[in-house]
Amino acid sequence: MSPITPLYINGQEVHSSTGETFEVRNPYSQQVVGVSASASKDDCLSAITAAGNAFKTWEHSSVDQRRNIFMKAADIFDSDKYKKMIFQHVAEETAASPAMAMHNWTGAGKILRVTAGLLNLLRGESFPSERTNASVIAQRRAMGVIFAISPWNAPIVLTLRAIAVPIICGNTIVFRSSELSPKTQYIVMQAFAEAGLPPGVLNFLSTSKETAPALTAEIIAHPLVRKVNFTGSDRVGKIIAMECAKHLKPCVLELGGKAPAVVLSDADLNQASKAIVTGAMMHSGQICMSTERVIVQRPIAEALIEKICSLAKSIKAGDIQNASASDKAVKLGALFSEGSAENVIGLLKEAQETGAKILVGDLERKGAVVQPHVVVDVKPGMRLWERESFGPVVIIAVVDTVDEAIDLANATEYSLTSSLWTSDLYKGQKIAARINAGYTNINGLTIHSEPHYGLIGLGGASGYGRFDVEDFTIRRLIITHEPFDAFPMFDS
């Protein structure tokens, strides 16, 4: 068993003040792969206090200091040492494929370098006041202590997204990891410590599933915490938003997705089918940008469905870490829990009972393993259409017109990403503008976002706000007045 993953408060590795810990299990084998410290109320208060004290100096740190730390951290992540740690812990804690581990490793340095470049956006402006003989300086200033929470499914890159922009803007962080991947997410603390980030700027808390709700509410309520960012399910996002609303605190929420792939009759079906199955099945569908809904025009529907089914049948879910060379079809790992697998199967069975047809898949789970499923005749109103499955599932709807396709693409509470497949790029751009999604990728995967912008939920179950400079700074004005000629209240 691995050593205990500690808390990280004010630049020091510490155990829980109560000595409490919790086990972390591999989703596929259910074996214990680690033990993590479980933060107490006092530990949370210590982390907030450390972040509050560090903010007094970090807010005024130089642009060069911040840039140098981020660039050094990027180089640290690029090292073989960190590659080995990421691959090992991502596999142990999340049962992810080597490809997902690679995404976490290569994405780390990219995020840090892109974020370092955002320092150029911290400029203010100066302009004349509406009063005579006064001038105004408008500054972008840090907000204070930010409480950040990110999930297990891309543990390195999503942890960095939660903390990087706030820190580069001059804020300090109290970060809470997922109870499913504390050791992997702790790697980020190690890299920043090696890069020379001052104590207290970044603090790490892990909590058991049982204690997380109450402690999260207490952290949000603390007066020093000025903003919250959360990445995860829309169910928990609503709870976070309500807790923030109690204290009139702003939040950034990046939540779920039910990304549509709209395939027009002039699309390249070989490209579209491969991208759809990749987008639907990558990481066993456990990505907020996963392709969950395919909306295809009737003239090509039969051909596209045949290609999608053939590709889906060619891959299997199983023990991705130990897949032998003779079983090259094992491309997917387990879902993150048996409960999640049961939910996916429940959605599929319910859809079948209300008229949907299962073209690929066995409607079974083995532990947390669910095989790829392709489903047709799923309609709005069915839970499989309405809710994010977070599993290896793709549903297909057939339409006649472009207008019908757009209506179905927009018939959802989610608004994160989408894709559109057509050989007419001019027409495609006009149609893409009508799809209600933060990103519409023409002839590309739904699993794509631009690092300078990040994911963009347009509200609803996909959340709102941005991981950008605008959302983690506040405008503050300094107005300089020349001496007044007279004070009418006192001068006669």
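User: Contact means heavy atoms within 4.5 Å. In this predicted model, which residues in α2 meet residues in α4?

Analyst: The two elements are helix α2 (residues 63-77) and helix α4 (residues 98-117), whose axes lie 8 Å apart. On the α4 side the residues met are W105, A108, G109, L112, R113, T115 and A116. Their counterparts in α2 are R67, F70, M71, A73, A74, D75 and F77.

User: Are α2 and α4 roughly parallel or roughly antiparallel to each other?

Analyst: The two helices pack at an angle of about 165 degrees. Angles over 145 degrees count as roughly antiparallel. The crossing of α2 and α4 is left-handed. Their mutual orientation is therefore roughly antiparallel.

User: How is α5 oriented relative to α6?

Analyst: The axes of α5 and helix α6 (residues 182-195) come within 8 Å and cross at roughly 55 degrees. An angle under 35 degrees would count as roughly parallel, and one from 65 to 115 as roughly perpendicular. The value for this pair therefore makes α5, relative to α6, oblique.

User: Which residues of α6 make the contact with α5, and is the crossing left-handed or right-handed?

Analyst: From α5, the contact is made by P155, I156, T159, L160 and I163. From α6, the residues are T184, Q185, I187, V188, M189 and F192. The crossing of the two helices is right-handed.

User: Which helix contributes the largest share of the largest nonpolar core?

Analyst: This core holds 60 residues, and F77, I163, I167, F175, F192 and L202 touch the most other members. The largest share, eight residues, comes from the helix spanning residues 155-168, namely α5.

User: Which residues does I167 touch, leaving aside those up to four places away in sequence?

Analyst: I167 is among the residues that touch the most other members of the largest nonpolar core. With residues up to four places away in sequence not counted, its contacts are W58, R66, F70, I173, L197, V201 and L202.

User: How many residues make up the other core that lies apart from this one?

Analyst: Among the members of that separate core are A341, V344, I406 and I431. Its residue count is 32.

User: Which strands stand at the edges of the open sheet of three strands?

Analyst: The strand order is β6-β7-β25, with antiparallel pairing. An edge strand here has a single partner, so one side of it is left without a neighbour in the sheet. The strands in that position are β6 (125-128) and β25 (473-481).

User: What is the bridge partner of P128 in β7?

Analyst: Four bridges join β6 to strand β7 (residues 134-142), and the two run antiparallel. In β7, the residue bridged to P128 is S135.

Conventions: Residues numbered from 1 in each chain as written. Predicted model: local features only at pLDDT ≥ 70, side-chain atom pairs only at ≥ 80, totals over all residues. Heavy atoms only, no water. Core = buried A, V, L, I, M, F, W, Y, C linked by side-chain atoms within 4.5 Å. Buried < 20%, exposed > 50% of the residue type's maximum accessible area, 1.4 Å probe, protein only. Pairing = 2+ DSSP bridges. Axes fitted to C-alpha atoms, helices over the stretch in contact; angles between N-to-C directions. Left-handed = near helix turned anticlockwise from the far one by under 90°.
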